[in-house]
Amino acid sequence: MDYRKIKASEIDALWELQKRYKAEIGEEEPGEDARDRFAEAIEKGMILFFGVWQENALIASCSVTVGFSTFDYKPSGVFEDFYICSAYRHQGIARQLVQFAYRESGVSSLTVGCADCDVNMYQSLGFSILLGNLLAFEGER
């Protein structure tokens, strides 16, 4: 298995994995306009993706969006887009991918917002510090 940062030139493989992820969690398949915005964000470094390859196939990925925290005045990261193809689950890939993304992203802290049903999984992967509640703002534009 090869763990590495996903390059903008590998967008096609990543996009296919993103569509599988969206389908598995019951979300609509994103359109071409979303793909264009996705590719642009990766090219501009607005979001970092990390993946696992088995031979030439991308079998797992996650993202880290880097921000800045005044908690320790260092870069902080938000962990998202975590997906492993079903045939490769329960083999230790998840734990290694989280550790790899944390190290390679250069952040001093990494947080994840998740559904209640995923809390135990993320805790088993090392996200063990409870930070309270995560709320999303819904405003008018």
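A residue counts as exposed when its relative accessible area is over 50% and as buried when that area is under 20%, and these two words recur throughout this walk through a model that is predicted. By that criterion Cys117, at 69% relative accessibility, is exposed, while 37% of the 141 residues of the protein chain count as buried.

The overall architecture comes next. The protein chain contains four helices and five strands, and read from the N terminus these elements follow the order β-α-α-β-β-β-α-β-α. The C-alpha trace spans about 40 × 40 × 30 Å along its principal axes. For a chain of 141 residues, a compact globule would be expected to have a radius of gyration near 14 Å, and the value of 15 Å found for the protein chain agrees with that expectation. Among the contacts between residues at least 6 apart in sequence, 58% join residues at least 24 apart. The surface that the protein chain exposes amounts to about 9,500 Å², of which carbon and sulfur atoms supply 48%.

Aromatic side chains offer a way into the interior. A pair of aromatic rings is described by the distance of the centres and the angle of the planes. The count for this model comes to 10 aromatic pairs, one of them formed by Trp15 and Phe38, whose rings lie 5.2 Å apart centre to centre with 50° between the planes, a tilted arrangement. Because Trp15 belongs to helix 1 (residues 11-24) and Phe38 to helix 2 (residues 32-43), this pair ties together parts that are 23 residues apart in sequence. Both partners fall within the buried class, Trp15 with a relative accessible area of 5% and Phe38 with 12%.

A second tilted pair is made by Phe79 and Phe82, with ring centres 5.4 Å apart and planes at 50°. Here Phe79 is buried at 0% relative accessibility, and Phe82 is likewise buried, at 11%. These two residues also take part in an aromatic cluster, in which they are joined by Tyr122 and Phe127. Elsewhere an aromatic ring meets a charged side chain instead: Arg4 lies over the face of Trp53, at 3.6 Å from the ring centre.

The cysteines can be followed in a similar way. A disulfide is a covalent bond between the sulfur atoms of two cysteines. The count of disulfides in this model is zero, and for Cys62 the nearest cysteine sulfur, that of Cys85, is 14 Å away. Since a disulfide requires two cysteine sulfur atoms within 2.5 Å, the sulfur of Cys117, which is 7.9 Å from its closest counterpart in Cys114, is too far away for a bond.

In what setting does Cys62 lie? Cys62 is part of strand 3 and is buried, with a relative accessible area of 0%. Once its neighbours within four places in sequence are set aside, Cys62 is in contact with Leu48, Phe49, Phe50, Phe79, Glu80, Asp81, Phe82, Leu97 and Ala101. This list brings the account back to the aromatic residues, as Phe79 and Phe82 of the tilted pair are both among the contacts of Cys62. By comparison with these contacts, Pro30, which is 32 residues from Cys62 along the chain, has its C-alpha atom separated from that of Cys62 by 17 Å.

Finally, the two ends of strand 3 lead to loops in which the backbone deserves attention. Glu55 is found in the loop between strand 2 (48-54) and strand 3 (57-69), and its phi is near 60°, a positive value in a residue other than glycine. Glu55 is exposed, with a relative accessible area of 71%. Tyr73 lies in the loop between strand 3 and strand 4 (74-84); phi of Tyr73 is also near 60°, again positive in a residue other than glycine. At 58% relative accessibility, Tyr73 counts as exposed.

Methods. Residues numbered from 1 in each chain as written. Predicted model: local features only at pLDDT ≥ 70, side-chain atom pairs only at ≥ 80, totals over all residues. Heavy atoms only, no water. Phe/Tyr/Trp six-rings, centres within 6.5 Å; stacked < 30°, edge-to-face > 60°. Buried < 20%, exposed > 50% of the residue type's maximum accessible area, 1.4 Å probe, protein only. Lys NZ or Arg CZ within 6 Å of the ring centre and 35° of its normal. Rg over C-alpha atoms; globule rule 2.2 N^0.38 Å. Contact = heavy atoms within 4.5 Å. Areas by Shrake-Rupley, 256 points an atom, 1.4 Å probe, with all protein chains shown as cover.
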